[in-house]
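Please look over the sequence and the model before reading on. The paragraphs below go from a sheet to a pocket.

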Amino acid sequence: MTTSRSTTGLTETGATSWAPSVATAARHPSPPHDACGGQLTGLSGEITSPRYPESYPNDAECRWSIGAPDGGTPLTLVFVDFQVEGGQGCGFDYVAVFDGPTAAAPGLGRYCGSARPPRTVSSTPHLLVLFKSDFNIAHSHQRGFRFAFTFSFRNFSSPRYPNFYPNNLQCQWSIQLPPGYRVRIFFLDMDLEGRSSLTGGCDYDHVAAFDGGAENGSLLGQWCGQDSPAPITSRSNWVLLMLHTDRNTAKRGFSIAYVGGDQLQQLKRHHPVPAPQDAPALLAHG
Ligand SMILES: [Ca+2]
Ligand SMILES: [Ca+2]
């Protein structure tokens with residue numbers, strides 16, 4: 001059986017924006033090098049550790065306090081890349097997340113090493129992300145981290161994820177937002193059958209994203225194996241994601257999160273973004 005639904009995820013009053021949340025970050029007074037941290041008041045944005053993806057400095061202490069200026073709904077935090085010096089109890093370098101505007105709030109987790117922290121949802125409209133590094137780095141290169149925050153993440157994954165996906169799939173997910181919005185997609189996990197050794201291409205299993213909501217739209221990218229693409233942003237308000245699998249060799253699949261961004265890049269109002277009514281459409285042919 002075949003079903004097809006489109007998701008209209010955001011309303012016009014739920015304006016989100018990429019640039020303002022970063023542009024309005026007020027930096028703490030800090031040493032001349034590697035300023036970090038700040039008050040983030042946008043509805044969504046992305047942050048990286050100092051010097052990312054080069055090694056972060058020693059003796060760093062960064063505090064990102066994230067929250068909508070007039071309250072709102074819980075925040076979601078997603079780490080899209082993570083590599084911080086590990087150690088027993090994360091005693092050397094670490095990232096800690098607190099469920100409120102300061103480090104006095106309850107801790108939600110303390111992370112180090114190269115395992116990406118889990119998706120975090122606050123119970124208040126505020127989160128504090130604290131990063132500390134000690135006086136040295138045990139191993140040569142630690143690239144640090146990149147995380148995204150928003151009030152409106154949606155996510156989905158391949159069929160049966162994280163178990164092996166079925167063979168002979170032709171799945172599509174249609175992400176449609178109101179006119180004027182763009183779709184920002186974060187790849188949280190990807191494990192598909194690898195490239196062809198003959199052609200070097202994603203000939204067997206692959207996921208592809210098309211701008212414009214149709215297969216004849218412009219290709220935003222095509223991935224396979226253990227690719228870990230940087231986040232992508234559409235030019236239109238409609239993205240079609242397709243998963244193709246061939247007749248043998250299955251893997252874990254993929255997990256993706258997305259959010260809508262306002263093309264005008266102006267944050268006029270600060271309403272929280274209501275959750276979409278429907279999950280993305282899944283079109284699977286057995
Ligand atoms: Ca260190
Ligand atoms: Ca396959």
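**A mixed sheet and a pocket**

Strand 2 and strand 4 (residues 61–67) run parallel and are paired over three bridges, where strands are DSSP runs (E, at least two residues) numbered from the N terminus and pairing requires that DSSP finds at least two bridges between two strands. Within this pair, Gln39 lies opposite Ser65 of strand 4. The model is predicted, with local features needing pLDDT of at least 70 and side-chain atom pairs pLDDT 80 or more, while totals for chains, interfaces and linings use all residues. Residues are numbered from 1 along each chain as its sequence is written, chains are lettered from A and ligands numbered from 1 in the order in which they are written, and side-chain values use heavy atoms, without hydrogens and water.

Both strands belong to an open sheet of five strands with mixed pairing, in the order 2-4-9-6-7. Its edges are strand 2 (38–40) and strand 7 (107–111), each of which pairs on one side only.

The largest pocket (on a 1 Å grid over the protein atoms alone, an open set of points where a 1.4 Å probe fits, with protein on both sides within 12 Å along at least five of seven lines) is lined by 20 residues, those having an atom within 4 Å of a point. Closest to its centre are Val80, Asp81, Arg116, Phe187 and Ser228. Strand 5 (76–83) and strand 13 (181–191) are the elements that each give two or more residues to this lining, and at least three residues come from each of domain 1 (7–13 + 153–262) and domain 2 (19–150), with bounds taken from an automatic or database domain assignment.

Note on methods. Helices (H or I, at least four residues) and strands (E, at least two) are DSSP runs, numbered from the N terminus.
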